[in-house]
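Student: I should like to understand how the descriptive terms applied to a structure are justified. May we take them one at a time?

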Amino acid sequence: MATGRTHRPATRSRGIPEATVARLPLYLRALTALSERSVPTVSSEELAAAAGVNSAKLRKDFSYLGSYGTRGVGYDVEYLVYQISRELGLTQDWPVVIVGIGNLGAALANYGGFASRGFRVAALIDADPAMAGKPVAGIPVQHTDDLEKIIKDNGVSIGVIATPAGAAQQVCDRLVAAGVTSILNFAPTVLSVPDGVDVRKVDLSIELQILAFHEQRKAGEETAAGDVGSLPAATRDASADQGPDGDVPAVMPA
């Protein structure tokens, strides 16, 4: 669901395309589920289906990792988990700060999946003085006045912005100035960042609007099908016999 733009070149230093990088977390999620079920190997077709991609694309993506699998056996699940985790940088601990501890920020702080995926919530930061010192998910909230010191003391390079739209750019500027080079933005606004800083945007309203578009299109298709089905048989037959420009071909004599 995350979408955004990058200010880095289109490929990584090892030549892995950004489109492939974007799919690696999908493969890792599917592989992790297999690992938890103690499945030792998986075919490209099975893994592609679990990740929601086609198998040819999966095999091409894995070729960038130097992993081709074994014919008739498939891919070693644990080895692929390690390979992809290493490529994504998840074999080390990444301290993360969350700025904006409203309902969304608090929900993110309580998310239990960070630690198992290589991320540690190092600090929670909010501009409301009344929030300072209050524990959220067992972590005391700190005031934005201390943002720069918090970033430096914890060696943070990844920041999460969950503030209202009006405050997001200022928070972003301060994070970048303090040394943060990757930002996950939940605020409903586009952030301006310098080269060398990656921004991924998560906008739930946009995702819902896209789903609404598809629902409307499906409803329109069903209505159109219903309209055709309600026509008299002779009319439906004539409609089916129409040419490419909507003209009914002349009836040839028997």
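Student: Why is Ser38 called exposed?

Tutor: Relative accessible area decides the term: under 20% is buried, over 50% is exposed, and anything in between is partly exposed, with a 1.4 Å probe and protein chains only. Ser38 has a relative accessible area of 62%, and is therefore exposed. Ser38 lies in the loop between helix 1 and strand 2, where helices (H or I, at least four residues) and strands (E, at least two) are DSSP runs numbered from the N terminus. This is a predicted model, in which local features need pLDDT of at least 70 and side-chain atom pairs count only at pLDDT 80 or more, while totals for chains, interfaces and linings use all residues. Residues are numbered from 1 along each chain as its sequence is written, and side-chain values use heavy atoms, leaving out hydrogens and water.

Student: What makes the phi of Ser38 worth noting?

Tutor: Most residues other than glycine have a negative phi. Ser38 is not a glycine, yet its phi is positive, near 60°.

Student: Why is Ala137 called partly exposed?

Tutor: The relative accessible area of Ala137 is 39%, so the term is partly exposed. Ala137 also has a positive phi of about 55° without being a glycine, and its place is in the loop between strand 6 and strand 7.

Student: How do you know that strand 6 and strand 7 pair?

Tutor: Two strands pair if DSSP finds at least two bridges between them. Strand 6 (residues 135-136) and strand 7 are joined by 2 bridges and run antiparallel; the criterion is therefore met. Val136 has Ile139 in strand 7 as its bridge partner.

Student: In which sense do strand 5 and strand 7 pair?

Tutor: Strand 5 (residues 119-126) pairs with strand 7 (residues 139-143) in the parallel sense, over 3 bridges. Leu124 stands opposite Val141 in strand 7.

Student: What makes the start of helix 4 a place with a polar contact?

Tutor: A polar contact is a pair of N or O atoms within 3.5 Å; within protein, one must be able to donate a hydrogen and the other to accept it, and residues adjacent in sequence count only if both atoms are side-chain atoms. A side-chain oxygen of Asp76 comes to within 3.2 Å of the backbone nitrogen of Glu78.

Student: Which residues of helix 4 are buried?

Tutor: In helix 4 (residues 77-87), they are Val77, Leu80, Val81, Gln83, Ile84 and Ser85.
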